[in-house]
Amino acid sequence: MTDQELYEKALMYGRNALLWRQKFMGLLPEVEKRRLYEKKGFGSVFEFAFKLAGLSEEQVRRVLNLEKRFVGLPALKELLVEGEVSVNKLARVASIATPENEQELAEAVKILPNRAIETLVRDENRIKTKSVPRGHFVHVHNLELNEEVLEKLHELKEKGLDLNELLLDLLKKREEKIAEEKEAISEELEPAKSRYIPARVMKIVRKEYGTKCSIQTCKKPAEQVHHTQIYELSRRHDPHYLAPLCKEHHVIAHAINVKVQEKRKEALIQLVQETT
């Protein structure tokens, strides 16, 4: 047996071990309810889980607590009791799960890696805590304005001008100018020959989004430019449908695209079946 063959066999056995461990953990809530551990001579569900699967008390408590938290969330509860995904993933989304979003979260934990799940949860928590009602004043201390800009703003304020109105007007004009430039580029674009994004397109994308991920709740550097309009279908680098994303949000975006394509395929198959 070569080193590679040995490694591949170890990898296969390890993956199978993790899968069966997940499925065992999913049985624990029912074992606890039926007190099956007592009927089989174990002192507690913790002893049962340790002796049969080597689980720690903390791991068992985590599963039992999740089962209680998923009351009223059948899609997530099913994933737990069937052992379809890891308890770690389910624990990450438990804090943001609601009856309204649980189906979406159930799909997400099945296809996204752990780091992307963490990003998804962080986004949701930031959205909940970041919103500020219109009309409220927020003191921002981390804007690096040079002395000349501060002096001009101070002069305008002394003249009785509303700085908020002035700045909002400037920002609106900036957005309008970017929109005009994007429209002009889009009209002149020809079908792309490769995935290489032309320099003028990248320039307007950077002008709009800067160097950070385009997701508002994310502050990470952008690593990839995502085609929100699937490139294989459009064959265009239209700036209207480009968004710079960090690695984790790019994974999430592609997972969403895959899910959308699957639903479209299912709908098409159903349509064909109905018409034949």
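The paragraphs below lead through charged pairs, surface patches and one loop residue in this structure.

The model is a predicted one, and a useful place to begin is with its charged side chains. Side chains of opposite charge can pair when their charged atoms come close. Under the rule applied here, which asks for a side-chain nitrogen of Lys or Arg within 4 Å of a carboxyl oxygen of Asp or Glu, the count comes to 16 salt bridges. A few of these pairs can be followed one by one.

The pair of Lys110 and Glu107 stays inside a single helix, since both residues belong to α7, which covers residues 102–111. They stand three residues apart, about one turn of the helix, and the closest N and O atoms of their salt bridge are 3.9 Å apart. Lys110 counts as partly exposed because its relative accessibility is 42%, and Glu107, with a relative accessible area of 23%, is partly exposed as well.

Other pairs reach from one helix to another. Lys182 forms a salt bridge with Glu208, and here the closest N and O atoms are 3.0 Å apart. Lys182 lies in helix α10 (residues 163–188) while Glu208 lies in helix α11 (residues 199–209), so this pair ties together parts that are 26 residues apart in sequence. The two partners are covered to unlike degrees: Lys182 is buried, because its relative accessible area is 9% and buried means under 20%, whereas Glu208 is partly exposed at 28%.

Helices α10 and α11 also hold the partners of a further salt bridge, in which the side chains of Arg200 and Glu188 meet at 3.1 Å, N to O. This pair links distant parts of the chain, with Arg200 in helix α11 and Glu188 in helix α10, 12 residues apart. Arg200 has a relative accessible area of 42% and is therefore partly exposed, while Glu188, at 52% relative accessibility, counts as exposed, the limit for that word being over 50%. Elsewhere, salt bridges join into a network that links Lys33, Glu67 and Lys77.

From these pairs the reader can turn to patches on the surface. Glu147, Glu148, Glu151 and Glu155 gather there in a patch of negative charge. One of them, Glu148, has its place in helix α9, which covers residues 147–158, and Glu148 is exposed because its relative accessible area is 54%.

A second patch is nonpolar: Leu143, Leu145, Val149 and Leu150 make a surface patch of about 350 Å². Among its members, Leu143 is found in the loop between α8 (114–130) and α9. With a relative accessible area of 58%, Leu143 is exposed.

The last stop is Arg235, which is found in the loop between α12 (231–234) and β2 (242–245). At 36% relative accessibility, Arg235 counts as partly exposed, because that class takes in values between the buried and exposed limits of 20% and 50%. Arg235 touches Pro191 and Ala192, leaving aside residues up to four places away in sequence. Arg235 and Ser194 are 41 residues apart in sequence, and from C-alpha to C-alpha they are 8.3 Å apart in space.

Conventions:
Residues numbered from 1 in each chain as written. Predicted model: local features only at pLDDT ≥ 70, side-chain atom pairs only at ≥ 80, totals over all residues. Heavy atoms only, no water. Helix = DSSP H or I, 4+ residues; strand = E, 2+ residues; numbered from the N terminus. Buried < 20%, exposed > 50% of the residue type's maximum accessible area, 1.4 Å probe, protein only. Contact = heavy atoms within 4.5 Å. Patch = residues over 30% accessible without salt bridge, like charges linked within 9 Å, V, L, I, M, F, W, Y side chains within 5 Å. Areas by Shrake-Rupley, 256 points an atom, 1.4 Å probe, with all protein chains shown as cover. Lys, Arg positive; Asp, Glu negative; His and termini not counted. Charge placed at Lys NZ, Arg CZ, Asp CG, Glu CD.
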